[in-house]
Amino acid sequence: MVELDHPFSTGKPIEENWEAILDLERLVPCVEGGSVLEKTSPESVKAEIKVKMGAMSLTYAGTVTVVEQDPEQHRAVLQVKSRETKGQGHANADVTFSVSDGGGTIHTAAQITGKAASMGEGVMVNVLDALIKDFTQKLADI
């Protein structure tokens, strides 16, 4: 289990930030290599992500679902469940967003197995950390 915390800044009002993180069709493509394949419900999409880890390139396919939302606290939990398309590994995560005026925080708790995990925890943490930092910068644009 890898746990990471990141602040993010959008310069936008709280309601706009709240809407953006719940709009999976806009949110998922903010992740480098991420794309929405199909919207399956207002709270869920089928998605795919291509991740580069050193010389290795992996593709994961799965679902992203809003499993918890608290409009009063402006806190939402997204659950990511995915499998390697060419392998046995999986990458699952619970991503907790707390939004406020101008930005907020993201707490990521990820479980990764298979080829990505075999690269070692240090590499995995660096890749995940870079993905999330890049994502936080793109959040301001949606």
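The following paragraphs describe the sheet, the helices packed on it, the nonpolar core and selected buried residues of a predicted model.

The strands form an open sheet of 7 strands with antiparallel pairing, in the order E1-E7-E6-E5-E4-E3-E2. Strand E1 (2–9) and strand E2 (34–41) each have a single partner strand and stand at the edges, so one side of each is left without a neighbour in the sheet. On average, and with direction ignored, neighbouring strands of this sheet are turned by 25° against each other.

At the E1 edge, E1 and E7 run antiparallel and are joined by 8 bridges. Within this pairing, His6 has Ile106 in E7 as its bridge partner. In a regular strand the side chains alternate between the two faces of the sheet. E1 shows such alternation: Val2, Leu4, His6 and Phe8 point to one face and are buried, whereas Glu3, Asp5, Pro7 and Ser9 point to the other and are not buried.

At the E2 edge, E2 pairs with E3 in the antiparallel sense over 6 bridges, and a hairpin connects the two strands through 2 residues. Lys39 stands opposite Val45 in E3. Strand E3 (residues 44–53) also pairs with strand E4 (residues 56–70), in the antiparallel sense and over 10 bridges. Bridge partners in this pairing include Thr59 of E4 for Lys50 and Ala61 of E4 for Glu48. The hairpin of E3 and E4 has 2 residues between the strands, and Gly54 in this hairpin takes a positive phi near 60°.

Helices H1 and H4 lie across strands of the sheet. Helix H1 (residues 14–22) lies across E4, strand E5 (75–84), strand E6 (90–100) and strand E7 (103–112), and runs at about 165° to E6. Helix H4 (residues 121–139) lies across E1, E3, E6 and E7, with an angle of about 20° to E1.

The largest nonpolar core has 37 residues. Ile21, Leu27, Tyr60, Leu78 and Phe97 are the residues with the most contacts inside this core. The element that gives the most to the core is H4, with 7 residues. For Leu78, when residues up to four places away in sequence are not counted, the residues touched are Ile21, Leu24, Leu27, Val64, Thr65, Val66, Ala93, Asp94, Val95 and Phe97.

The structure holds 2 aromatic pairs. In one of these, Phe8 and Phe97 are arranged edge-to-face, at 6.4 Å centre to centre and with 75° between the planes. Phe8 lies in strand E1 and Phe97 in strand E6, so this pair ties together parts that are 89 residues apart in sequence. Both Phe8 and Phe97 are buried. Together with Phe135, Phe8 and Phe97 form one aromatic cluster.

Several polar residues of the strands are also buried, among them Ser44, Thr96 and Glu84. Ser44 is found in strand E3 and has a relative accessible area of 11%, which places it under the 20% limit for a buried residue. Residues up to four places away in sequence aside, Ser44 touches Leu24, Lys39, Val64 and Thr65. The side chains of Ser44 and Thr65 are joined by a polar contact of 3.1 Å. The C-alpha atom of Ser44 is separated by 6.9 Å from that of Thr63, 19 residues apart along the chain.

Thr96 is found in strand E6 and is buried, with a relative accessible area of 16%. Apart from neighbours within four places in sequence, Thr96 is in contact with Arg75, Ala76, Val77, Thr105, Ile106 and His107. Ile106 is also the bridge partner of His6.

Glu84, found in strand E5, counts as buried at 6% relative accessibility. With neighbours within four places in sequence left aside, the contacts of Glu84 are Leu58, Thr59, Tyr60, Gly89, Thr113, Gly114, Lys115 and Ala116. Glu84 and Leu58 are 26 residues apart in sequence, and the C-alpha to C-alpha distance between them is 6.9 Å. Two other contacts of Glu84 appear above: Thr59 as the bridge partner of Lys50, and Tyr60 among the core residues with the most contacts.

How values were computed
Residues numbered from 1 in each chain as written. Predicted model: local features only at pLDDT ≥ 70, side-chain atom pairs only at ≥ 80, totals over all residues. Heavy atoms only, no water. Pairing = 2+ DSSP bridges. Helix = DSSP H or I, 4+ residues; strand = E, 2+ residues; numbered from the N terminus. Axes fitted to C-alpha atoms, helices over the stretch in contact; angles between N-to-C directions. Contact = heavy atoms within 4.5 Å. Phe/Tyr/Trp six-rings, centres within 6.5 Å; stacked < 30°, edge-to-face > 60°. Buried < 20%, exposed > 50% of the residue type's maximum accessible area, 1.4 Å probe, protein only. Core = buried A, V, L, I, M, F, W, Y, C linked by side-chain atoms within 4.5 Å. Polar contact = N/O pair within 3.5 Å; in protein donor to acceptor, adjacent residues only side chain to side chain.
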